[in-house]
Amino acid sequence: MLLNQFTVPNSVRRQRKRLGRGIGSGLGKTCGRGHKGQKSRTGGKVRPGFEGGQMPLQRRLPKFGFSSRVSRETTSLPLSSLSRLTGGSVTLLELMDAGLLKKNQKRARFFLSGNVDSAYHLRGVHATKGAREAIVAAGGSVS
């Protein structure tokens, strides 16, 4: 069979409505739009969600949820992850090099989980109160 011999059966094709072609067609005069009203006019549409002046559903339901941009850019790390770093000084760049931070992360915060085995000096990295106490107790500092 060649492409020019290929045909689609007529049952697959839907006939288009021929509007305004007399009473016998069933779509004469008003052409299936009914009498008067907004939807009978050309360009007469209502916007999605419009309920005829009644308070629409999307405004009736309570709004909820908020995603802080700061929290999306911040990574929380356990203190035990400090053992993956080699140097005593900890900055954002060193955390990225160690694979603890993604490139889109602009902030890091350590929380108390695990223990600190050597002195680390945090520069430009946040720490919770408990994590700060553990770092200082191990001989490190947070600034």
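**Strands, core and salt bridges**

Student: How many bridges join β1 to β3?
Tutor: Strands are DSSP runs of E with at least two residues, helices are runs of H or I with at least four, and both are numbered from the N terminus. Two strands pair if DSSP finds at least two bridges between them. β1 and β3 run parallel, and the number of bridges that join them is five.

Student: What kind of model is this?
Tutor: Residues are numbered from 1 along each chain as its sequence is written, and side-chain values use heavy atoms, with hydrogens and water left out. Local features need pLDDT of at least 70, side-chain atom pairs count only at pLDDT 80 or more, totals for chains, interfaces and linings use all residues, and the model is predicted.

Student: Which residue in β3 stands opposite Thr-74?
Tutor: Start with the sheet: three strands form it in the order β1-β3-β5, open and with parallel pairing. Its edge strands are β1 and β5 (126-127), each pairing on one side only. Opposite Thr-74 in β3 stands Arg-107.

Student: Which strands stand at the edges of the sheet β2-β4-β6?
Tutor: This open sheet has three strands, and the pairing is parallel. An edge strand has a single partner strand, so one side of it is left without a neighbour in the sheet; here the edges are β2 (89-90) and β6 (141-142).

Student: Which residue in β6 stands opposite Leu-122?
Tutor: Look at strand β4 (residues 121-122), which pairs with β6 in the parallel sense over two bridges. Opposite Leu-122 in β6 stands Val-142.

Student: How many salt bridges does the count come to?
Tutor: Side chains of opposite charge can pair when their charged atoms come close. The rule asks for a side-chain nitrogen of Lys or Arg within 4 Å of a carboxyl oxygen of Asp or Glu. By this rule the count comes to three.

Student: How far apart, N to O, are Arg-60 and Glu-51 in their salt bridge?
Tutor: First, the cover on each: buried means under 20% relative accessible area, exposed over 50%, and partly exposed in between (1.4 Å probe, protein chains only). Arg-60 is partly exposed at 43%, and Glu-51 is partly exposed at 31%. Their side chains meet, and the N to O distance is 2.8 Å.

Student: Is Glu-73 buried or exposed?
Tutor: Glu-73 has a salt bridge with Lys-106, the closest N and O atoms being 3.7 Å apart. Lys-106 lies in the loop between α3 (92-97) and β3 (107-111) and Glu-73 in the loop between α2 (69-72) and β1 (74-78), so the pair ties together parts 33 residues apart in sequence. Lys-106 is exposed, at 54% relative accessible area. Glu-73, at 17%, is buried.

Student: Which residues do shared salt bridges join into one network?
Tutor: Arg-107 also forms a salt bridge with Glu-73, with the closest N and O atoms 3.0 Å apart. Arg-107 lies in strand β3 and Glu-73 in the loop between α2 and β1, so this pair ties together parts 34 residues apart in sequence. Arg-107 is partly exposed, at 31% relative accessibility. Salt bridges that share partners make one network of Glu-73, Lys-106 and Arg-107.

Student: How many residues are in the largest nonpolar core?
Tutor: A nonpolar core is a set of buried Ala, Val, Leu, Ile, Met, Phe, Trp, Tyr and Cys residues joined through side-chain atoms within 4.5 Å. Leu-79, Leu-82, Val-90, Leu-95, Phe-110 and Leu-122 touch the most other members, and the number of residues in this core is 17.

Student: What is the relative accessible area of Val-125?
Tutor: Val-125 sits in the loop between β4 and β5. Contact means heavy atoms within 4.5 Å. Not counting residues up to four places away in sequence, Val-125 touches Val-90, Thr-91, Leu-92, Leu-95, Ala-108, Phe-110 and Val-142. Val-125 is buried, with a relative accessible area of 3%.

Student: How far apart in space are Arg-13 and Gly-130?
Tutor: Arg-13 has its place in the segment before α1. Arg-13 counts as exposed, at 55% relative accessibility. Arg-13 and Gly-130 are 117 residues apart in sequence, and their C-alpha to C-alpha distance is 72 Å.
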